Amino acid sequence: MDDSCGFPSDGDDFSFPDDGSDDFDFDAMGDDDDYNFDYENEDSDGVEDIEVQISNCYYTGKGTMENDPQEALQGFQQILDMEPEKGEWGFKALKQIVKLQLALGKDDQVLKSYATLLGYVKSSVSRNISEKAINSLIEKISSGTDPKILDTFYDMTLETLKEIKNDRFWFKTKLKVGKLKFEREEFSALAKILEELKASCKTESGNDDMKKGTQLLEIYALEIQMFTAQKNNKKLREIYEKSLVVQSAIPHPRIMAVIRECGGKMHMEEESWGDAQKDFFEAFKNYDEAGSSRRIQCLKYMVLANLLSLSEINPFGAPETASYKNDPQIVAMTDLVATYENNDIQGFERILQNNRKTIMDDKFISMYIQDLLKNIRTQVVAKILKPYTRVNISFIAKELNICEEEVEKLLVTLILDEKISGRIDQVNKLLIVERPENNGNSARFDALSEW
């Protein structure tokens with residue numbers, strides 16, 4: 001997603017923690033299926049023999065998956081024929097079959113095998129085992145597979161989870177689908193998913209179930225990202241405010257970080273710089289607690305809001321932020337602060353040029369650079385005009401390092417905003433400053449120099 005839309009884009013990812021999923025490369029599959037099943041002793045030697053044969057067949061198949069996947073596939077298929085009734089070995093074999101078919105590009109067979117595996121989920125294996133297997137398969141199919149197959153995977157999974165009434169895992173899986181739709185910018189589909197998720201968190205009377213506060217915050221975090229991307233500040237504020245009053249919730253810090261970061265960007269859009277600074281600070285703390293690199297991004301945004309608010313508070317005065325003051329990305333922002341406070345326009349622009357990747361290439365920050373430049377130019381104009389009644393526009397242009405046309409636009413804005421009293425003599429290219437004898441204008445210039 002475009003960072004200017006309000007989302008983290010670099011590694012900023014705003015993804016939710018995925019419980020129970022793991023990676024399954026062929027060369028690292030040795031232990032993921034050792035579920036430590038205990039088997040009661042059978043009275044029949046024949047049944048014991050079949051059990052041993054199935055076990056041998058399974059581990060032989062696993063041993064050949066990397067070097068001869070076709071032979072391994074046949075071995076796992078044989079287990080399904082050998083088992084007397086649906087059980088753990090068949091489930092484990094089907095899991096390996098699906099992974100092999102994905103690796104071999106047998107997309108037409110993958111869904112059929114997965115449907116068979118889901119049949120075992122309904123009656124033959126525990127929830128813990130089935131959830132771990134489903135998570136791992138979805139994780140695997142998410143990387144590089146046809147999106148349509150992934151969508152069908154999710155649909156089949158959700159239908160099965162609803163049928164067996166595994167509400168907790170249904171919610172987590174549906175949330176993953178919502179995140180997928182968000183990444184694809186399929187907002188209409190995402191809106192429907194969010195409504196389904198909200199419905200699952202309501203009481204019989206139709207009110208929000210406060211016992212499900214954590215789930216509600218996960219929904220709000222995803223919804224807030226959607227409204228941020230759509231620049232729908234009215235809806236964004238509504239959900240943002242609801243998220244801040246949710247009780248009985250113990251969310252992952254990343255969830256609150258997402259909510260606070262999007263809230264900060266909402267406040268920036270409204271030019272509520274102080275509120276934005278507070279939200280970015282909260283987002284930074286939560287990302288820091290979650291161990292997310294996104295914390296640096298939010299710290300940069302906090303410094304940006306601090307500059308725009310003309311606050312005298314040092315953003316690195318807090319213990320939480322002090323240790324990041326020397327981070328390479330943050331150093332560029334602190335240097336920017338120093339030149340800004342000293343009204344050093346040339347130094348300010350030089351830092352922007354030399355740190356383009358850190359500052360200007362961040363689309364969200366770049367949106368507000370012109371506001372910062374206007375502020376610093378205003379400060380310089382105030383100092384230039386204070387001792388004079390007439391000033392050449394060319395002189396102001398040289399001091400501000402911009403063309404005369406831009407100077408005129410800036411002066412017109414300052415006059416209309418009553419930041420200065422005066423008029424522009426366009427014939428002689430002069431700014432004529434009006435100074436009433438009552439010295440009222442002196443106070444105005446003092447205020448302007450602190451603006």
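**Cysteines, a three-stranded sheet and a helix pair**

I'll start with a cysteine: C298 is buried, with a relative accessible area of 0%. This is a predicted model, so please take what follows as values computed from that prediction.

Staying with cysteines, a search of the whole structure turns up zero disulfides. C298 is accordingly in no disulfide, and the cysteine sulfur nearest to it, that of C262, lies 9.1 Å away. The cut-off for a disulfide is 2.5 Å between the sulfur atoms, so at 9.1 Å the pair C298 and C262 does not count as one. C57 is another buried cysteine, because its relative accessible area is 14% and the limit for buried is under 20%.

Next, the sheet. In what order do its strands lie? The order is β1-β3-β2, in an open sheet of three strands with antiparallel pairing. As a reminder, strands of a sheet pair through backbone hydrogen bonds, either parallel or antiparallel. The edges here are β1, residues 390-392, and β2, residues 422-425. Each of these two has a single partner strand, so one side of each is left without a neighbour in the sheet. From one strand to the next, the twist averages 20 degrees.

Between β2 and β3, the latter covering residues 430-433, there are four bridges, and the two strands run antiparallel. One residue pair to look at on the screen is D425, whose bridge partner in β3 is L430.

Two helices pack on this sheet. Helix α19, residues 393-400, touches β1, β2 and β3, and its direction makes about 65 degrees with that of β1. Helix α20, residues 404-416, touches β2 and β3, and its direction is at about 155 degrees to that of β2.

Now the helix pair. The axes of α16, residues 345-354, and α18, residues 363-385, come within 10 Å and cross at roughly 165 degrees. Angles over 145 degrees count as roughly antiparallel, and α16 and α18 are therefore roughly antiparallel to each other. Their crossing is right-handed. Which residues make the contact? From α16 they are I345, F348, E349 and L352; from α18 they are I369, L372, L373, I376, R377 and V380.

Last, N343, which sits in the loop between α15, residues 328-341, and α16. Is N343 buried or exposed? N343 is buried, because its relative accessible area is 16% and buried means under 20%. Leaving aside neighbours within four places in sequence, N343 is in contact with I376, Q379, V380 and K383. I376 and V380 also came up a moment ago, on the α18 side of the helix contact.

Methods
Residues are numbered from 1 along each chain as its sequence is written. This is a predicted model: local features need pLDDT of at least 70, side-chain atom pairs count only at pLDDT 80 or more; totals for chains, interfaces and linings use all residues. Side-chain values use heavy atoms; hydrogens and water are left out. Buried means under 20% relative accessible area, exposed over 50%, partly exposed in between (1.4 Å probe, protein chains only). Two strands pair if DSSP finds at least two bridges between them. Axes are lines fitted to C-alpha atoms, for helices over the stretch in contact, and angles run from 0 to 180 degrees between N-to-C directions. Contact means heavy atoms within 4.5 Å. Angles under 35 degrees count as roughly parallel, over 145 as roughly antiparallel, 65 to 115 as roughly perpendicular and the rest as oblique. A crossing is left-handed if the near helix is turned anticlockwise from the far one by less than a right angle, and right-handed if clockwise.
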